[in-house]
Amino acid sequence: MHLIPYSFIEKEASHVEGFSPELALVTIGGGKELEEKLVVRPTSETIVNHMFTQWIHSYRDLPLMINQWVNVTRWEMRTKPFVRTLEFLWQEGHTAHAIPEEAEQEALQMINVYIKFSYEQAAIPVIAGRKSNVETFAGAVKTYTIEAMMGDRKALQAGISHNLGQNFSRAFGTQFANENGQREHVWQTSWAISTRFVGGIIMTHGDDAGLMLPPKLAHIQVVIVPIWRKTNEKSGVMDAALSVKDILLTAGFRVKIDDTD
């Protein structure tokens, strides 16, 4: 968990406006009232920009790309396991670029990474697209999402990628010297996929009888159940089962023999 000075959140006007209802504030520390309120991190654009401003000086420093796994907190009024929780873990990426076309390309590339992961690894059908202006991330120019189709025919926002333009770099003064020595604000993106996706996997591939994970995610892909009628058949059946297991392991499958009775 990370605490961010409230002034950081305030620097980008639409960001603070968009997140105000979801912020958790720390006002007392060590028994004393704090001079400045601290925000329990709802997302990292502000703290990342604070660091980008110190790390980026020249066009030679760009593009700058970071990826991190962090916990964030949103003050949700109606929580649901996995899907909407007060605190959740996510993979969160932030990039800074010298030109707007590169930032847009990065934002689209990442939503395509999430699409590919959804289809090829998690076997979840998704619809990708751009959010309306009303639903665009607070502080972003464009927001792209993948909406996953659940078993009950409801959509779940499963991954997100933002083209932030220069909104945060202007608010924080994140600049670089271009090849001509002129100062410019960087163009940025941010993107994330969270533990909500675990909920998406459960709701897509599970039902009242339990969960059947897709092959590429399943810890065990094949279970061999040896069955014998008479005790003297057991060793022969087990030998055959072990032989099949070896063949499947060689072929790259994750296999278990269930020899319990």
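**Notes on a predicted model**

1. The side chains of lysine 131 and glutamate 147 meet in a salt bridge, at 3.6 Å from N to O. Lysine 131 lies in the loop between S6 and S7, and glutamate 147 lies in strand S7, so the pair ties together parts that are 16 residues apart in sequence. Lysine 131 is buried, because its relative accessible area is 15% and the cut-off for buried is under 20%. Keep in mind that this is a predicted model.

2. How many salt bridges does the count come to? The count comes to four. One of them was described in point 1. Two others follow here.

3. Glutamate 104 forms a salt bridge with lysine 142. The closest N and O atoms are 3.5 Å apart. This pair links distant parts of the chain. Glutamate 104 sits in helix H4, lysine 142 sits in strand S7, and 38 residues separate them in sequence. Is glutamate 104 buried or exposed? At 16% relative accessibility, glutamate 104 counts as buried. Lysine 142 has 24%, so it counts as partly exposed.

4. Glutamate 76 forms a salt bridge with arginine 84. Here the closest N and O atoms are 3.2 Å apart. Glutamate 76 is buried, at 17% relative accessibility. Arginine 84 is partly exposed, at 35%. Arginine 84 comes up again at the pocket in point 6.

5. Now look at helix H4, residues 100-120. Helix H4 has 21 residues. From its first C-alpha to its last, H4 reaches 30 Å, close to the 30 Å expected at 1.5 Å a residue. Which residues of H4 are buried? They are Ala103, Glu104, Glu106, Ala107, Met110, Ile111, Tyr114, Ile115 and Ser118. Glu104 is the salt-bridge partner of lysine 142.

6. Next comes the largest pocket. About 970 Å³ of space lies in it. The lining of the largest pocket has 39 residues. Which of them lie nearest the centre of the pocket? Arg74, Arg84, Gln157, Ile160 and Arg196 do.

7. Several elements give two or more residues to the lining of the largest pocket. The helices are H2 (13-19) and H6 (196-205). The strands are S5 (87-97), S7 (142-149), S8 (155-165) and S11 (187-194). S8 gives the most, with seven residues.

8. On the surface, Phe82, Val198, Ile202, Leu211 and Leu213 make a nonpolar patch of about 380 Å². Leucine 211 is found in strand S13, residues 210-211. Leucine 211 is partly exposed, with a relative accessible area of 44%. Phenylalanine 82 lies in the loop between S4 and S5. At 39% relative accessibility, phenylalanine 82 also counts as partly exposed.

9. Check the backbone of phenylalanine 82 too. Its phi is near 70°, a positive value in a residue other than glycine. Arginine 153 also has a positive phi, of about 70°, although it is not a glycine. Where does arginine 153 lie? Arginine 153 is in the loop between S7 and S8. Is arginine 153 buried or exposed? At 82% relative accessibility, arginine 153 counts as exposed, because the cut-off for exposed is over 50%.

10. One peptide bond deserves a look. The bond from leucine 62 to proline 63 is cis, with omega near -5°. Proline 63 is found in the loop between helix H3 (45-55) and strand S4 (64-73).

11. Two C-alpha distances close the note. Valine 141 is found in the loop between strand S6 (126-130) and S7. Valine 141 counts as partly exposed, at 40% relative accessibility. Its C-alpha atom is 7.4 Å from that of histidine 162, and the two residues are 21 residues apart along the chain. Leucine 86 lies in the loop between S4 and S5. Leucine 86 counts as partly exposed as well, at 35% relative accessibility. How far is its C-alpha atom from that of alanine 140? The separation is 23 Å, for residues 54 apart along the chain.

How values were computed: Residues are numbered from 1 along each chain as its sequence is written. This is a predicted model: local features need pLDDT of at least 70, side-chain atom pairs count only at pLDDT 80 or more; totals for chains, interfaces and linings use all residues. Side-chain values use heavy atoms; hydrogens and water are left out. Patches are made of residues with over 30% relative accessible area and no salt bridge: like charges are joined within 9 Å, nonpolar side chains (Val, Leu, Ile, Met, Phe, Trp, Tyr) within 5 Å. Accessible areas come from the Shrake-Rupley method with a 1.4 Å probe; for residues, only the protein chains shown count as cover. Helices (H or I, at least four residues) and strands (E, at least two) are DSSP runs, numbered from the N terminus. Buried means under 20% relative accessible area, exposed over 50%, partly exposed in between (1.4 Å probe, protein chains only). The expected span of a helix is 1.5 Å times one less than its number of residues. On a 1 Å grid over the protein atoms alone, a cavity is a set of points where a 1.4 Å probe fits but cannot get out, and a pocket is an open set with protein on both sides within 12 Å along at least five of seven lines; lining residues have an atom within 4 Å of a point. Grid points are joined across faces, edges and corners, and a volume is the space filled by probe spheres set on the points.
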